[in-house]
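Student: Please take a close look at one part of this model, the helix packing inside the longer account of its chains. I would like one connected answer.

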Amino acid sequence: MQRPLSDLAWIPTFALLVAFAVPWPLWGVDRVVAGLPVWIWWHVGWLGLCAVLFSRFARSGAWERGMGLRPEADDDRCDGAVVGGGDRP
Amino acid sequence: MTLGLSLGVIVGYLLLALAVGLVAYRASETTAEDYYLASRSFGTVVLLFTTFATLLSAFTFFGGPNLAFAAGPEWLIVMGTLDGVLFAVLWYVIGYKQWLIGNRNGYVTLGEMLGDRFGSVGLRALVAGVSLLWLFPYVMLQQMGAGEALVGLTDGAVPYWGGAALITLFMILYVVLAGMRGVAWTDTIQGLFMLSVVWLAAAWVVSAVGGVGAATGAMLNARPDFGSFGGGTYSVGLIVSTAITIAFGVTMFPQINQRFFVAKSGETLKRSFALWPVLVLLLFVPAFMLGAWAAGMPVDVPEGANVLPVVLNEYTPAWFAALVIAGAMAAMMSSSDSMLLSGASYFTRDLYRPVINADASDRREAWIARVGVAAFALLAFAASLFRPGTLIEVGSTAFSGFALLALPVLCALYWDRTTRTGMIAGVLVPQVSYLAVVLSAVVGFVPTLPRTVLGGWDVALGLMVLSGVLTVAVSLLTVPTAESDASRFVVASD
């Protein structure tokens, strides 16, 4: 099982994403920007960033490799394959 | 008249949710796997919303805005970090791994999974027992939230116990009648509904007070300290320990943990994982900001009422306020019925069958589960009448209790060398210690042990560390028993 080195970079990435979802550098800052305290905007932007990086992680194959699986072996469809229809409840 | 309208909207909505559950029930098969796991068939939308709606409890809807109202909007950061980011990471680390293992070996509960891996009925029963113990205050929390919500909405015309009794009745009916498929279906509808009405409510209130800037301005005039990040209630210790204990606790909640077994495919889990931070923000920003903004509004929040219904009553028409509260109550009901349903499966599969009566028929097991649910909900209702703390306090206690299970489970999932004795020590010692801390506050004749130390650090965080250290240390000192089988948790494809 080959695990590219780039997969390991996800570990510190996740740690950073969790740690700075709290706007520590803005501790005690009370500026209001666009109607809300600026640290709320930090948080909103940060969670947006998390969503983008989470989705890259899930699509890169690192998701499966992290559990010792081959990216295609586990799922009911291949990575990146175009499948119409979406979800069925 | 207004009172009649409000109550009509609420009861009508709860009945509608029940009707959906019944339709789903008719689509069910009568097997235990279908009753508890809907035959492991959930797609992304349903999985996402059923997990989401389960988090949509009184803790989020009423406790969160109440805390933001009293102490400032930082609660948004705490909850956003723990639910949106840390929980998402754990969703992968614990959830995906459990899904792989569960799919391979057909597990339905956490206790079953661990009991099988370590060849130990005792461990299985211990995990189930601990889970049921902490489930109790969380079910109680929903009843407290419903009671307080109706007090706020009706200005006290409906007494606290009336609201609590109403939701208890519906949650019992719901679980007994519908099962997991019904719960999941209504969760999806309610999740979408709540997301929409919370935004509508925020827009309505904000436009009534003159826009976001004006709402924030009024809030800062009344409470200048709300503008700066941190300080007051929100110490570093509180932020870090709350975020960690709740996020780990959530993964061990029976109703959340069981959802790790229900995904149709790994793809479903992946998509839910990536959408999670966005969904969390969409809910928390309007809900908690409404609470914080209320600090600058000319509203009078009665003692023992929740701030959100009071604000809605002030700025939106009665029918809309009632609709939001109905939605929140329905969401609480869907949290509670998920909890009760998972609790029932823990009780019957991990305690009743292995320990008490191994030869029980399926019919008998199903009957025991439903009676158990009713008894559990009624006991929690009785306890909720004493109102032992605020919504946030009661909720945090339950989360911390569950969080103490997380590190031993992580050891079991990822470390072959974990032994049965290590698991039992890692679960039992911190649980007993934490229970002593919690009970010392309730029982009159013993000195109350501190819940937080050094300015806001939760003792549960220390006990979490202890649970991890004990599991590892005792595992290293003992040898795996003959019955344990580490290969049960192997998922590698080569």
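Tutor: What follows goes through the helices of chain B and their surroundings, and then turns to chain A.

The model is a predicted one, and the values below are computed from it.

Start with helix H13 of chain B, residues 307-315. Eight of its nine residues are buried, so H13(B) is largely enclosed by the rest of the structure. The buried residues begin with the run B:Val307, B:Leu308, B:Pro309, B:Val310, B:Val311, B:Leu312 and B:Asn313, and B:Tyr315 is buried as well. One of these, B:Val311, also stands out in the largest nonpolar core, which has 194 residues. There, B:Val311 is among the residues that touch the most other members, together with B:Ala247, B:Ile325, B:Met329, B:Met333 and B:Leu340. For B:Met329, leaving out residues up to four places away in sequence, the residues touched are B:Ile10, B:Leu14, B:Ala146, B:Ala149 and B:Ile167.

Two of those partners, B:Ala146 and B:Ala149, carry numbers that fall in helix H7 of chain B, residues 121-153. The axis of H7(B) comes within 10 Å of the axis of helix H17 (residues 420-442) of chain B, and the two cross at roughly 25°. An angle under 35 degrees counts as roughly parallel, so H7(B) is roughly parallel to H17(B). The crossing of H7(B) past H17(B) is left-handed. On the H7(B) side the contact is made by B:Leu123, B:Leu126, B:Val127 and B:Val130. Their counterparts in H17(B) are B:Arg420, B:Met423, B:Ile424, B:Val427, B:Leu428 and B:Gln431. By class, this contact has eight nonpolar residues, one polar and one charged.

A second helix pair in chain B is formed by H5 (residues 74-105) and H12 (residues 266-293). Their axes come within 9 Å and cross at roughly 165°. Angles over 145 degrees count as roughly antiparallel, so that is the relation of H5(B) to H12(B). H5(B) passes H12(B) in a right-handed crossing. The contact of H5(B) with H12(B) has 18 nonpolar, four polar and one charged residues.

Helix H16 of chain B, residues 391-414, holds B:Ile392. This residue counts as partly exposed because it has 19 C-beta neighbours inside 10 Å, where 20 or more would make it buried. Apart from neighbours within four places in sequence, B:Ile392 is in contact with B:Gly63 and B:Leu67. B:Val409 lies 17 residues from B:Ile392 along the chain, and their C-alpha atoms are separated by 26 Å.

That leaves chain A and its contact with chain B. Chain A has four helices and two strands, in the order α-α-β-β-α-α from the N terminus. Of its 89 residues, 27% count as buried. Among contacts in chain A with a separation of 6 or more, 34% join residues 24 or more positions apart. Between the chains, 39 residues of chain A are in contact with 42 residues of chain B. Helix H2 (10-19), strand E2 (36-37) and helix H3 (38-59) of chain A each supply at least two residues of the side that touches chain B. H3(A) gives the most, with 10 residues. By class, this side of chain A has 26 nonpolar, five polar and eight charged residues.

Definitions and conventions: Residues numbered from 1 in each chain as written. Chains lettered and ligands numbered in written order. Predicted model: local features only at pLDDT ≥ 70, side-chain atom pairs only at ≥ 80, totals over all residues. Buried ≥ 20, exposed ≤ 12 C-beta atoms within 10 Å, placed from the backbone. Contact = placed C-beta atoms within 7 Å. Nonpolar A, V, L, I, M, F, W, Y, C, P; charged D, E, K, R; others polar. Core = buried A, V, L, I, M, F, W, Y, C linked by C-beta atoms within 7 Å. Axes fitted to C-alpha atoms, helices over the stretch in contact; angles between N-to-C directions. Parallel < 35°, antiparallel > 145°, perpendicular 65-115°, else oblique. Left-handed = near helix turned anticlockwise from the far one by under 90°.
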